[in-house]
Amino acid sequence: MKGKVTGSEALMLALKAEGVKTIFGYPGGAIMPVFDILYDYTRGEKKAFNHILVRHEQAATHAAQGYARVSGEVGVCLVTSGPGATNTLTGVADAMMDSTPVVVIAGQVSTAALGTDAFQEVDLVGVAQPISKWAYQIRRPEDVAWAVSRAFYIARSGRPGPVVLDFPKNAQTHECEWEPQQVTSVRSYVPYPEPDDGAIRAAAELINAAERPLALVGQGVELGGAHCQLVDFLERADIPAARTMLGLSALPSDHPLNVGMLGMHGSYAPNMMTQQCDVLIAIGMRFSDRVTGLMSTYARQAKIIQLDVDPSEIDKNIKTDVAVVADCKQSLPAITALLQQRSHKAWRDAFTPYYNMEREQVIIPAIHPVEGPLLMGEVVNAVAEATRGEAVLVTDVGLNQMFATRYFRYLHPRSIVTSGGLGTMGFGLPAAVGATFGRPDRTVCLFMGDGGFQMSIQELGTIMEQHAPVKMILLNNNYLGNVRQWQDMFYDGRKSFTRMMNPAYQHIAEGYGIPYAVCINRSELAEKIAEMLATDGPFLLECAVREEENIMPMTPPGCSVDEMKLSLDD
């Protein structure tokens, strides 16, 4: 396209050039020129985008995150200035913590009014810079094409993350000559460092000499698309692999080298064996405090190898012996080529006693028959069995998240969407909406608690309007369950403002025209799940679960990972 266009139309053309198909947004005064031209680009011969009207701007960013996490593409949201822009910032921070590529485009007052405290003016670039990969104000329509291309390049390259574009109103309405731009590099920004040959050799030598190697698999494998390279690496040297919560679908649940989930509420065996391995290989994971427990005692007996595309993660939390700074899709095969074919059967067998201890002391629904009220893990396990590992799991935050991630099953990459680093309640519902647009060919199952559900319950309106086929499983225990568990364990059972009075969810579902069922007795659980999965479009299944159920095992805060508790009595 040649000739003059407004800044708003330049934005449409730039987004189209980036391959954008879906935009999550909410209109307002300072972004109205963009929404006016967007009208033409969502219908007729100019149609290029599907715009999803959310019910709150924070939901726009979470929906964009869900879209990005399952599709591997950049999620896009479009909002107005002032509160519209600041409402997105929780999602921006969440995306930064969890390395999710999102571009937020926010309206702004005209440049002539900047600094005057004009209506709905806020220094968006100033507040967004610390929690984003890049934040920039587009002051001229001539800069739109360059800024958008640069934003997408930064968001999706290297370690992905969010970018914020602040778009003053005069830059939206003034005209410029349209000239497409393609940014393929940024000075001083090296998204894909070349792996050092010496580090590759040193890593391979340590692994070849190891008798008790353990791999820790993080989301970096998912982000780098290195699933096949990971399997080749593990199978070549017969290395047991534990996964972080965000990395759960990087390795199929049924792979024989999968030894479970790491972390505060992960599986007992990999946490305990972290303190017994002789070589620890961290692949695309950042040694979060929720994985390491007390860092001063973490894996002190082991040689530490860390593979990460982001050099700032090296030695940040745990001191490494060998660091390979590169995309793991490149570093993993380079190391694999130097590995000896090994068998570590005796080492892998050493995990078995810890598996057995967990199975004996923790109520695992697939193993132990239970009586009394439904259990969260029981519901998750039943949905996992019904979907046979084919579904995408989305969670909110809290006990529902811990039970869902532990007991769901993953056969395919990019099958988990959850708020890890920031732990954002209210994330689940809008993220699940985004996931249905990112992968319309897959079933999306959302687990949420009554607390998190009510933080974004208005997004049922988005689901209603879009007929988004989210299978919502509400684990209702009438508590802020995770906080309540901590109160029981560490605050003498003083349940300070964690019990909730909840609404009649069936009437809320009815108001939004969403099919609803409630499950109280386990005898009807399978039937209700089958009804949910067979229903075309969205469905809300409310499960009345045990009120004071606890998630175990647990590494208490401030403790070493091998001080993990199997029960509250430990």
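β11 contributes four residues to the lining of the second largest pocket, the most of any element. The model is predicted. The pocket has a volume of about 660 Å³, and among the 22 residues that line it, Asn258, Gly260, Ser267, Arg359 and Arg406 are the closest to its centre. A parallel sheet of six strands is described after the pocket.

**Second largest pocket**
- At least two lining residues come from each of β11 (258–261), α16 (352–361) and α18 (399–407).
- By residue class, the lining holds 11 nonpolar, six polar and five charged residues.

**Six-stranded sheet**
- The sheet is open, its strands pair in parallel, and their order is β3-β2-β4-β5-β7-β6.
- The edges are taken by β3 (50–53) and β6 (134–137); each has a single partner strand, so one side of each has no neighbour in the sheet.
- On average, neighbouring strands are turned by 20° against each other, direction ignored.

**Pairing of β5 and β7**
- Seven bridges join β5 (residues 102–108) to β7 (residues 162–168), in the parallel sense.
- Val102 has Pro162 of β7 as its bridge partner.

**Helices on the sheet**
- α1 (residues 7–17) lies across β2 (22–25), β5 and β7, and runs at about 155° to β7.
- α2 (residues 32–40) also packs on the sheet, where it touches β2, β3, β4 (75–79) and β7.
- The direction of α2 makes about 125° with that of β4.

Note on methods. Residues numbered from 1 in each chain as written. Predicted model: local features only at pLDDT ≥ 70, side-chain atom pairs only at ≥ 80, totals over all residues. Heavy atoms only, no water. 1 Å grid on protein atoms, 1.4 Å probe; cavity = no way out; pocket = protein on both sides within 12 Å on 5 of 7 lines; lining within 4 Å. Points joined across faces, edges and corners; volume = space filled by probe spheres on them. Nonpolar A, V, L, I, M, F, W, Y, C, P; charged D, E, K, R; others polar. Pairing = 2+ DSSP bridges. Axes fitted to C-alpha atoms, helices over the stretch in contact; angles between N-to-C directions. Contact = heavy atoms within 4.5 Å.
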